[in-house]
Amino acid sequence: MVQCVTKILYEQGYILAYKFDTDEKGHPSIKIALKWNAQNKCNAIKGLKRVSRPGLRKYASVAEMPRVLNGLGIAILSTSKGIMTDAKARKENVGGEVLCYVF
């Protein structure tokens with residue numbers, strides 16, 4: 001699941017590069033290069049909010065799909081067709097569990 005979220009962040013332009021790796025003990029790890037704007041000294045990711053958690057799951061249908069910052073951010077959902085953004089879930093007409101907001 002973490003690898004799918006990393007790929008989505010890369011495709012949407014929030015991170016510069018990523019690499020899936022394992023350490024000397026065989027544990028998986030991810031190395032991420034964050035996107036940085038040197039002129040105004042700010043990151044591409046302004047905020048990340050976890051929505052669904054083990055104690056309280058949040059689900060959304062297609063009609064109730066959240067819009068993050070009026071379309072400037074993305075919501076990442078876990079659907080029956082895989083992990084995807086809110087825009088792709090609307091296009092495929094599926095709802096699911098809202099994992100996080102990225103803006």
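**Salt bridges, strand pairing and a nonpolar patch**

In this predicted model, the side chains of K31 and D21 come together in a salt bridge, with N and O 3.9 Å apart. K31 sits in strand β2 and D21 in strand β1, so this pair ties together parts of the chain that are 10 residues apart in sequence. With a relative accessibility of 26%, D21 falls in the partly exposed class. Side chains of opposite charge can pair when their charged atoms come close. A search of the whole structure turns up 3 salt bridges, and the other partners are worth a look too.

Another salt bridge is formed by R57 and E97, whose side chains meet at 3.2 Å, N to O. This one links distant parts of the chain: R57 is in the loop between β5 (48–50) and β6 (59–60), E97 is in strand β9, and their positions lie 40 residues apart in the count along the chain. The two ends differ in cover, as R57 is partly exposed at 44% relative accessibility, while E97 is buried at 14%. R90 and D86 also form a salt bridge, with their closest N and O atoms 3.6 Å apart. Here both residues belong to helix α2 (residues 86–92) and are 4 residues apart, or about one turn of the helix. R90 is partly exposed, with a relative accessible area of 30%, whereas D86 is buried, with just 6%.

Stepping back to the whole chain, there are 2 helices and 9 strands. Read from the N terminus, the elements follow the order α-β-β-β-β-β-β-β-β-α-β. The C-alpha atoms fill a box of roughly 45 × 40 × 25 Å along the principal axes. Of the 103 residues in the chain, 29% are buried. The accessible surface adds up to about 7100 Å², and carbon and sulfur atoms account for 52% of that. Among the contacts with a separation of 6 or more, 50% are between residues 24 or more positions apart.

Strand β7 (residues 74–79), home of T79, makes a good case to follow in detail. In β7, 5 of the 6 residues are buried, so the strand is largely enclosed by the rest of the structure. On one hand, β7 is joined to strand β9 (residues 96–102) by 6 bridges, and the two run antiparallel. Within that pairing, S78 has E97 of β9 as its bridge partner. E97, then, is also the residue that meets R57 in a salt bridge. On the other hand, β7 pairs with strand β8 (residues 82–85) in the antiparallel sense, over 4 bridges. Here I76 is matched with T85 of β8. The link from β7 to β8 is a hairpin that passes through 2 residues.

T79 itself is buried, at 11% relative accessibility. Its side chain reaches the backbone nitrogen of K81 at 3.2 Å, and a polar atom of that T79 side chain lies 2.6 Å from the backbone oxygen of G82. Setting aside residues up to four places away in sequence, T79 touches M84, V94, G95 and G96.

Back towards the N terminus, I15 lies in strand β1 (residues 15–22) and counts as buried because its relative accessibility is 4%. I15 and K35 are 20 residues apart in sequence, yet their C-alpha atoms are 4.9 Å apart in space. Apart from neighbours within four places in sequence, I15 is in contact with T6, L9, Y10, I32, A33, L34, K35 and I45.

Two of those contacts, I32 and L34, turn up again at the surface. Together with V2, F20 and I30, residues I32 and L34 make a nonpolar surface patch of about 420 Å². Strand β2 (residues 28–34) supplies the largest share of the patch, with 3 residues. V2 comes from helix α1 (residues 2–11), and with a relative accessibility of 53%, V2 counts as exposed.

Definitions and conventions. Residues are numbered from 1 along each chain as its sequence is written. This is a predicted model: local features need pLDDT of at least 70, side-chain atom pairs count only at pLDDT 80 or more; totals for chains, interfaces and linings use all residues. Side-chain values use heavy atoms; hydrogens and water are left out. Patches are made of residues with over 30% relative accessible area and no salt bridge: like charges are joined within 9 Å, nonpolar side chains (Val, Leu, Ile, Met, Phe, Trp, Tyr) within 5 Å. Accessible areas come from the Shrake-Rupley method with a 1.4 Å probe; for residues, only the protein chains shown count as cover. A salt bridge is a side-chain nitrogen of Lys or Arg within 4 Å of a carboxyl oxygen of Asp or Glu. Buried means under 20% relative accessible area, exposed over 50%, partly exposed in between (1.4 Å probe, protein chains only). A polar contact is a pair of N or O atoms within 3.5 Å; within protein, one must be able to donate a hydrogen and the other to accept it, and residues adjacent in sequence count only if both atoms are side-chain atoms. Contact means heavy atoms within 4.5 Å. Two strands pair if DSSP finds at least two bridges between them.
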